[in-house]
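Let's take a walk through a protein together. Have the structure open beside you, and turn it around as you read.

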Amino acid sequence: MVERNKNMAKLQAGYLFPEISRRKNALLKKNPDAKIISLGIGNTTEPLSPCITNALRDAAEGLGTHEGYSGYGDEQGLAELRGKIADTFYPKLASAEEVFVSDGAKCDIGRIQLMFGSSATVAVQDPAYPVYVDGSVMMGQTDNYNPLQKQFDGITYLACSPENNFFPGLESTSRTDLIYFCSPNNPTGAASARDQLTQLVDFAKKNKSIIIFDSAYRDFIRDKGLPRSIFEIDGAREVAIEVGSFSKLLGFTGVRLGWTVVPKGLKFDDGHPVIKDWNRVMTTIFNGASNIVQTGVCNALTEQGLREMHATIDFYMENARLIKDAVTSLGYENYGGVNSPYIWARVPGKSSWDAFEEILEEKHVVTTPGSGFGPAGEGFLRFSAFGHREDVEEAVKRLKE
Ligand code: PGU
């Protein structure tokens, strides 16, 4: 028999979202008529906009012609699309050669961890998108799980709570090689201010750390003064990698397309450019994102396409407003839902899983237990604003009843 990877054995339970599905299905088994509404996983629900569907159809039809057919493409992505992503999201901040197109942010986060190996030390916001910690555990970047603290020994958890305005106290934080940071944040919904991200970049510069900045929700920011990219901060190009995604921007959770920006000047401590290793990783274990999807998005990143993108985001943000209202009317202290599609609510006197079970059993509404995002998430629930309007309205009605 073959020995199990000992790092896999360190992981706690299953991945969060399948566990939530399991509990939802258990309720359906008991009560097959329950009309369950999900405000759980951040999964998009609205149809793609016409610009996108037209462009995807044209790209697919092109493949049916001699002139339009293409096989394997460059692993880094279509040159034109790399240029469009740079121009659209990083004007004067990053160049086309620094943008690597991928099949999504989650996949890129996993591949980024390969570049740093098992001895890299890691800091994460607490609570955080589970992939940063679970992926690091798989890589062997952490020690054993400490059940008392509900943390992995060897990982630095940067507590983010209402008390510190969801920004960690960096003065008292020790150095790590990598710092995962997500803004607008999943799950707390907090979008970091410019001065906070400046503190983060200065901290990374002082410590010679690398920030892995997840900007999956960048265009959910309504407040024009808030940065949408870490590269808007002076000096960030020396210390940061940014991961982006079309999942929430274009409704591509199933279509799949994302990107990573690695600045040319970012170096390992031996002076080797990080971008060279990223290129090596991508050319070795990734074979390029779908040509249909890349061509489609490339042709749809127009003024009209971006207008349609913002209209769908506005739709989800109206859902966020309705949910936030309902959660507030329940008397729950809550955060987020203003510059992000997540509402983060404190459930006084209950554990996250107990509150999750109660709302599932009584209201048939699925949420996400905050403790699934890290120990500082205990006592909170996350409500996702992704859903059809009639479902959100029905969920809101049930919550208020
Ligand atoms: N980064 C963040 C911060 C996310 O919240 C998510 C999705 C992703 C990346 C994934 O991006 P892709 O480009 O689609 O790979 N978070 C959702 C879905 C759960 C999951 O496992 O990805 C959520 O509900 O948290």
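We'll start with a sheet and then look at some enclosed spaces. Keep in mind that what you see is a predicted model.

Start with the strands. In general, the strands of a sheet pair through backbone hydrogen bonds, and they can do so in a parallel or an antiparallel way. Here you can find an open sheet built from 7 strands, and its pairing is mixed. Go across it and you meet the strands in the order β2-β10-β9-β8-β7-β3-β6. At the edges sit β2 (99–102) and β6 (155–159), each of which pairs on one side only. As you step from one strand to the next, the twist averages 20°.

Now zoom in on one pair. Strand β3, residues 122–126, and strand β7, residues 178–182, pair in the parallel sense over 3 bridges. Want a spot to click on? Val122 has Leu178 in β7 as its bridge partner.

Stay with β7 for a moment and look for a helix. Helix α7, made of residues 194–207, lies across β7 and β8 (210–214). Its direction is at about 170° to β7.

Next, let's go hunting for hollow spots. How many cavities of 30 Å³ or more does a search of the whole structure find? The search turns up 2.

The largest cavity has a volume of about 100 Å³. It is lined by 15 residues, and the closest to its centre are Leu249, Leu250, Gly251, Met309 and Thr312. Two elements, α8 (247–250) and α11 (303–329), each give two or more residues to this lining. The largest share comes from α11, with 5 residues. What kinds of residues are these? By class, the lining of the largest cavity holds 8 nonpolar, 4 polar and 3 charged residues. Domain 1 (13–42 + 304–400) and domain 2 (53–302) each supply at least three residues to the lining.

The second largest cavity holds about 30 Å³ of space. Its lining is made up of Ile52, Leu250, Ala300, Leu301, Gly305, Leu306 and Met309. Once more α11 gives the most, this time 3 residues. By class, you'll find 6 nonpolar residues and 1 polar residue here, with no charged ones. Domain 1 and domain 2 each give at least three residues to this lining as well.

Before you leave, find Leu250 and Met309 again. Both are among the residues closest to the centre of the largest cavity, and both also line the second largest one.

Note on methods: Residues are numbered from 1 along each chain as its sequence is written. This is a predicted model: local features need pLDDT of at least 70, side-chain atom pairs count only at pLDDT 80 or more; totals for chains, interfaces and linings use all residues. Side-chain values use heavy atoms; hydrogens and water are left out. Two strands pair if DSSP finds at least two bridges between them. Helices (H or I, at least four residues) and strands (E, at least two) are DSSP runs, numbered from the N terminus. Axes are lines fitted to C-alpha atoms, for helices over the stretch in contact, and angles run from 0 to 180 degrees between N-to-C directions. Contact means heavy atoms within 4.5 Å. On a 1 Å grid over the protein atoms alone, a cavity is a set of points where a 1.4 Å probe fits but cannot get out, and a pocket is an open set with protein on both sides within 12 Å along at least five of seven lines; lining residues have an atom within 4 Å of a point. Grid points are joined across faces, edges and corners, and a volume is the space filled by probe spheres set on the points. Ala, Val, Leu, Ile, Met, Phe, Trp, Tyr, Cys and Pro count as nonpolar, Asp, Glu, Lys and Arg as charged, and the others, Gly among them, as polar. Domain bounds come from an automatic or database domain assignment.
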